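Student: I would like to learn how to read side-chain features in a structure like the one shown here. Could we begin with burial and then go on to pairs of side chains?

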Amino acid sequence: MTSRLTQNTINGTHHHPHPHPQYYSHHSSSSSSKASFKGCCCCLFLLFSFLLLLILAVILVIVLAVKPKKPQFDLQQVGVQYVGITPNPATIATSSASVSLNIRMVFTAFNDNKVGIKYGESRFTIMYRGIPLGRGTVPGFYQPAHSVKRVETTIVVDRVNLLQADAADLIRDAALNDRVELRVLGDVGAKIRILGFTSPGVEVSVDCAIVISPRKQALTYKQCGFDGLSV
């Protein structure tokens with residue numbers, strides 16, 4: 001018996017146990033599951049890519065059809081309700097002065113587009129020689145297509161102190177020249193609404209130079225510039 005086993009070992013006829021059939025079944029099932037998962041992910045990726053391209057194509061077609069234009073926001077009227085420039089006696093040596101001002105501004109918004117425009121809240125600052133004196137606010141509003149809308153705001157300056165050179169210039173302009181030059185600066189944010197969708201914002205910068213007469217309590221000059229910047 002021993003010699004036969006040894007002979008079989010020498011001849012290389014030793015029998016190895018065969019792998020169980022269940023091992024092959026489990027391995028093939030795992031491979032097929034991974035392949036199915038990868039295929040599903042590819043399908044979802046292609047579907048989302050197609051939907052995204054479709055949405056972009058629809059938006060592009062709408063934009064080309066509508067041809068949106070930059071909104072126009074113009075300072076139409078400026079009403080000077082009160083102007084008061086008072087030197088401060090306590091500090092007359094330093095040429096100090098206080099300014100009180102009440103200005104009513106009427107803006108006109110023009111919408112030549114085929115769709116409506118939604119305006120955000122707008123803020124305006126009145127300045128004298130680069131010094132902010134006061135601020136005014138125009139609440140947000142919606143403007144239908146092909147329409148003109150008037151909005152207004154009042155800027156109130158209550159005893160703002162100017163020192164030294166600026167106060168001296170202001171007193172000279174008011175008392176001798178009866179001419180005080182101011183600037184009105186502001187940004188107007190607008191968005192176009194198309195089929196319930198809101199476009200990226202467009203910002204219109206307003207820069208107006210105005211001249212008022214303290215004696216007449218009136219506006220004598222106005223010139224405005226506007227610049228539209230995509231955001």
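Tutor: Let us start with the term itself: a residue counts as buried when its relative accessible area is under 20%, as exposed when the value is over 50%, and as partly exposed in between. Keep in mind that this is a predicted model. Phe141 has a relative accessibility of 12%, and therefore counts as buried.

Student: Which residue pairs with Phe141 through its ring, and how are the two planes arranged?

Tutor: Ring planes under 30 degrees apart count as stacked. The partner here is Tyr119, whose ring centre lies 4.7 Å from that of Phe141, and since the planes stand at 25°, the pair is stacked. The two residues belong to distant parts of the chain, with Tyr119 in strand β3 (residues 116–119) and Phe141 in strand β6 (residues 141–143), 22 residues apart. Tyr119 is buried as well, at a relative accessible area of 4%.

Student: How many aromatic pairs does the structure hold?

Tutor: There are two aromatic pairs. Besides the one just described, Phe107 and Phe124 have ring centres 4.4 Å apart and planes at 20°, so that this pair is stacked. Again distant parts of the chain are linked, because Phe107 sits in strand β2 and Phe124 in strand β4 (residues 122–128), 17 residues apart. Phe107 counts as buried at 0% relative accessibility, and Phe124 is buried with a relative accessible area of 0%.

Student: Strand β2 also holds Val106; is Val106 buried or exposed?

Tutor: Val106 is buried, its relative accessible area being 2%. To see what surrounds a residue, one sets aside its neighbours within four places in sequence, and for Val106 the contacts that remain are Asp74, Leu75, Gln76, Gln77, Arg150, Val151 and Glu152. A separation in sequence can also be set beside one in space: Val106 and Val78 are 28 residues apart along the chain, while their C-alpha atoms are 6.4 Å apart.

Student: Glu152 appears among those contacts; with which side chain does Glu152 form a salt bridge?

Tutor: For a salt bridge, one looks for a side-chain nitrogen of Lys or Arg within 4 Å of a carboxyl oxygen of Asp or Glu. Glu152 meets Arg104 in this way, with 3.0 Å from N to O. The bridge joins distant parts of the chain, from Glu152 in strand β7 (residues 147–162) to Arg104 in strand β2 (residues 97–111), 48 residues apart. Both partners are partly exposed, Glu152 with a relative accessible area of 44% and Arg104 with one of 27%.

Student: How many salt bridges are there in the structure?

Tutor: The structure holds seven. Among them is the one between Glu181 and Arg179, at 3.7 Å from N to O, where Glu181 is partly exposed at 42% and Arg179 is partly exposed at 43%. Another joins Arg183 and Asp207 at 2.6 Å, N to O, and that pair links distant parts of the chain, Arg183 lying in strand β8 (residues 180–194) and Asp207 in strand β10 (residues 202–213), 24 residues apart. Arg183 counts as partly exposed at 39% relative accessibility, as does Asp207 at 32%.

Student: Which residues are joined into one network by salt bridges that share partners?

Tutor: Arg129, Asp169, Arg172 and Asp173 make up that network, in which shared partners connect the salt bridges.

Notes: Residues are numbered from 1 along each chain as its sequence is written. This is a predicted model: local features need pLDDT of at least 70, side-chain atom pairs count only at pLDDT 80 or more; totals for chains, interfaces and linings use all residues. Side-chain values use heavy atoms; hydrogens and water are left out. Helices (H or I, at least four residues) and strands (E, at least two) are DSSP runs, numbered from the N terminus. Buried means under 20% relative accessible area, exposed over 50%, partly exposed in between (1.4 Å probe, protein chains only). Contact means heavy atoms within 4.5 Å. Rings of Phe, Tyr and Trp (its six-membered ring) pair if their centres lie within 6.5 Å; planes under 30 degrees apart count as stacked, over 60 as edge-to-face and the rest as tilted.
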